[in-house]
Structures are given as C-alpha cells and as structure tokens.
Amino acid sequence: MPEKEKLSLLARSQSTMCIFLSAGIAEHVQQELLEHYPPDTPVAVCYRLTWKDERIYRGELKDLAKIVKENKLTLTTMMVVGEAIGNRQGLSRLYAPEFSHLFR
C-alpha cells in the first residue's frame with residue numbers, strides 16, 4: 001500500500017471507514033486501526049452485500065479479526081468501522097413501500 005494510503009494514517013481522523021478486500025488480513029487491519037480508534041469502536045463486517053445470502057456481523061473493533069475468522073469470511077467482504085455504525089439499528093426506511101409521498 002502506498003505510504004500516504006496506510007490505514008494507520010487514514011484512521012487518525014477516527015471517521016467512519018469502509019475497507020474492501022482485506023478479510024484475509026483482518027488481524028493486520030485491526031492492529032492498524034487500534035492505533036487511533038478506541039477498542040470499543042463499532043464495526044460491521046458485511047459479507048456479500050446486496051446478494052441473496054448477504055450477512056452482516058456487528059461488533060467492536062477489538063473483535064474484528066475474530067468476527068472474520070469465526071465466520072470464515074473471505075472475498076466479497078467489506079469492513080465498516082466507526083461511530084456511525086452504532087447510531088442506528090435495522091435497515092433504512094427511506095424506500096419503505098408504505099410511503100406514498102415523494103419527500104421523506
């Protein structure tokens with residue numbers, strides 16, 4: 001990875017990050033993020049998003065590698081890390097079928 005794109009540098013802002021193609025190095029990702037995020041930072045490990053067999057595992061950053069390993073996640077996995085994960089439960093209601101008006 002180029003120097004200016006290292007996770008530990010990007011993590012300094014503690015903003016919500018989406019990390020693709022890194023399930024195979026989940027322990028390394030966890031270590032680099034823990035340099036700047038608190039261990040209890042919310043995470044969502046998303047497997048095969050938008051596919052019929054999509055799965056989303058929620059937890060804390062200190063358990064990120066464990067979540068990936070225990071669920072045998074590999075390709076098509078996205079890790080989302082940040083406080084935005086903990087601010088909402090469930091799916092968005094933005095396009096709920098019972099809304100008949102244009103503006104929400």
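A salt bridge is counted where a side-chain nitrogen of Lys or Arg lies within 4 Å of a carboxyl oxygen of Asp or Glu. The exercises below apply this and related criteria to a predicted model.

**Exercise 1. Salt bridges**

Task: Find how many salt bridges the whole structure holds, and state which residues form them.

Solution.

Step 1. Searching the whole structure gives 3 salt bridges.

Step 2. Take Arg48 and Asp53. Their closest N and O atoms are 3.0 Å apart. The cut-off is 4 Å, so a pair of this kind at that distance counts. Arg48 has a relative accessibility of 22% and Asp53 one of 35%. Buried requires under 20% and exposed over 50%, so values in between are called partly exposed. Arg48 is therefore partly exposed, and Asp53 is likewise partly exposed.

Step 3. Take Lys62. The side chain of Lys62 meets that of Glu60 in a salt bridge at 3.2 Å, N to O. Lys62 also forms a salt bridge with Asp63, where the closest N and O atoms are 3.1 Å apart. Relative accessibility is 41% for Lys62, 29% for Glu60 and 25% for Asp63. Lys62 counts as partly exposed, as do Glu60 and Asp63.

Step 4. Join the bridges that share partners. Glu60, Lys62 and Asp63 then fall into one network.

**Exercise 2. The sheet**

Task: Give the order of the strands in the sheet, and say whether the pairing is parallel or antiparallel.

Solution.

Step 1. The sheet is open and consists of 4 strands in the order S1-S4-S2-S3, with antiparallel pairing.

Step 2. Identify the edges. S1 and strand S3 (55-60) each pair on one side only, which makes them the edge strands. From one strand to the next, the twist averages 20°.

Step 3. Look at one pair in detail. S1 and S4 run antiparallel and are joined over 4 bridges. Cys18 has Val80 of S4 as its bridge partner, and Ile19 has Met79 of S4.

Step 4. Sort the side chains of S1 by face. Met17 and Ile19 belong to the covered face, Cys18 and Phe20 to the uncovered one.

**Exercise 3. The nonpolar cores**

Task: State which residues have the most contacts inside the largest nonpolar core, and which elements supply it.

Solution.

Step 1. The largest nonpolar core contains 21 residues, and Ile19 and Leu33 have the most contacts inside it.

Step 2. At least two residues of this core come from each of strand S1 (17-20), helix H2 (26-33), strand S2 (42-47), helix H3 (64-70) and strand S4 (77-81). H3 gives the most, with 4 residues.

Step 3. List the contacts of Ile19, leaving aside neighbours within four places in sequence. They are Leu7, Val29, Leu33, Thr77, Met78, Met79 and Val81.

Step 4. Check for a second core. Apart from the largest core lies another of 5 residues, including Ala44, Cys46, Met78 and Ile85.

Step 5. Put this in context. In soluble globular proteins, nonpolar side chains tend to be buried together.

**Exercise 4. A serine in helix H1**

Task: Decide whether Ser8 is buried or exposed, and list what it touches.

Solution.

Step 1. Ser8 is found in helix H1, residues 7-10.

Step 2. The relative accessible area of Ser8 is 12%. The limit for buried is under 20%, so Ser8 is classed as buried.

Step 3. Not counting residues up to four places away in sequence, Ser8 touches Glu32, Glu35 and His36.

**Exercise 5. Positive phi in a loop**

Task: For Arg48 and Thr50, state where each lies, what its phi is, and whether it is buried, partly exposed or exposed.

Solution.

Step 1. Arg48 is in the loop between S2 and S3, and Thr50 is in the loop between S2 and S3 too.

Step 2. Phi is near 55° for Arg48, a positive value in a residue other than glycine. For Thr50, also a residue other than glycine, phi is positive as well, near 75°.

Step 3. Arg48 has a relative accessible area of 22% and is partly exposed. Thr50 has 74% and is exposed.

Step 4. Return to Exercise 1. Arg48, with its positive phi, is also the residue that forms a salt bridge with Asp53.

Technical notes: Residues numbered from 1 in each chain as written. Predicted model: local features only at pLDDT ≥ 70, side-chain atom pairs only at ≥ 80, totals over all residues. Heavy atoms only, no water. Core = buried A, V, L, I, M, F, W, Y, C linked by side-chain atoms within 4.5 Å. Buried < 20%, exposed > 50% of the residue type's maximum accessible area, 1.4 Å probe, protein only. Contact = heavy atoms within 4.5 Å. Pairing = 2+ DSSP bridges. Axes fitted to C-alpha atoms, helices over the stretch in contact; angles between N-to-C directions.
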